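Work through the two exercises below using the sequence and coordinates. Each task is followed by a stepwise solution.

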Amino acid sequence: MDGNGRWAKKRLMPRSYGHRKGVETTRLAVDFFARAGVQHLTLFAFSSENWNRPAEEVNSLMDLFMQSLSDYTAELHEHQIRVRFIGDKSLFSAEFQRRIAATEEVTRDNPNMTLNIAVNYGGRWDIVNAARGLLRRVRDAELRPEEIDEAAFAGELSLAGSPDPDLFIRTGGERRISNFLLWQLAYTEFYFCDVLWPDLSESDMREALTEYTRRQRRFGKTGEQVELPE
Ligand code: IPE
Ligand code: MG
């Protein structure tokens, strides 16, 4: 979800104004993708590198996360959406961690879409954290090093239990991953659009899904192998 700051700057407004508008787009996006039948949606809300922003912006983002959590948890639960937070939550305030845990607990058995919200998340952190988990299991003699395969590794990552993403969408015009789901994006289709996150409309989201249906996913095979019979 990129482009909040530039959206605000264009309007001569503080960046926090863009982030607030961005939350409205987020609400729209969750609703749209849930209605479209998407089973797993992962939003990159705050990266491990975002702490390096000016303190004022970091603080306003934390306040906004807390506020949004209070405002939307009931609504997400009503829509039977399961919410999970991925990332290193230990750096957040005790109150924020408590609310995250409460939201996860309340929504845990919801059958509709699983919404993963990445906060203080970094793809490299995720991989290192998984390695640490595997090593702990080896140390405790639950696992032998020879048993470590891709599935065992993926089982220690923060999206364990969710399939790898089919589609990655980045708004705001940059063409990079910025340390998002490095392991899980191995065969994901990438979609970049120039629209700033607060401006993203339903038709922009529909366009992303339509473009996805035009892609041929070969997973290393030839086009002929994966073509559907006429
Ligand atoms: C994305 O918008 C939101 C967060 C990282 C929280 P940005 O804040 O990165 O907006 P730009 O890229 O400066 O426009
Ligand atoms: Mg940005």
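A polar contact is a pair of N or O atoms within 3.5 Å; within protein, one must be able to donate a hydrogen and the other to accept it, and residues adjacent in sequence count only if both atoms are side-chain atoms. The model is predicted, so local features need pLDDT of at least 70 and side-chain atom pairs pLDDT 80 or more, while totals for chains, interfaces and linings use all residues. Residues are numbered from 1 along each chain as written, chains are lettered from A and ligands numbered from 1 in written order, and side-chain values use heavy atoms, without hydrogens and water.

**Exercise 1.** Describe the surroundings of ligand 1.

Step 1. Residues with a heavy atom within 4 Å include Met-1, Asp-2, Arg-15, His-19 and Arg-53.

Step 2. Backbone N or O atoms of Gly-3 and Asn-4 lie 3.4 Å and 3.1 Å, respectively, from an oxygen atom of ligand 1. For a polar backbone atom of Arg-6, the distance to a ligand oxygen is 2.7 Å.

Step 3. Of the 380 Å² of accessible area that ligand 1 has on its own, the protein covers 86% (Shrake-Rupley method, 1.4 Å probe).

Step 4. Helix 1 (4–10) gives the most to the shell, with 3 residues (helices are DSSP runs of H or I, at least four residues).

**Exercise 2.** Which residues are in contact with Ile-81, leaving aside neighbours within four places in sequence?

Step 1. Contact means heavy atoms within 4.5 Å.

Step 2. Ile-81 then touches Val-30, Ala-34, Leu-76, Thr-107, Asn-110, Asn-112, Met-113 and Leu-115.

Definitions and conventions:
Helices (H or I, at least four residues) and strands (E, at least two) are DSSP runs, numbered from the N terminus.
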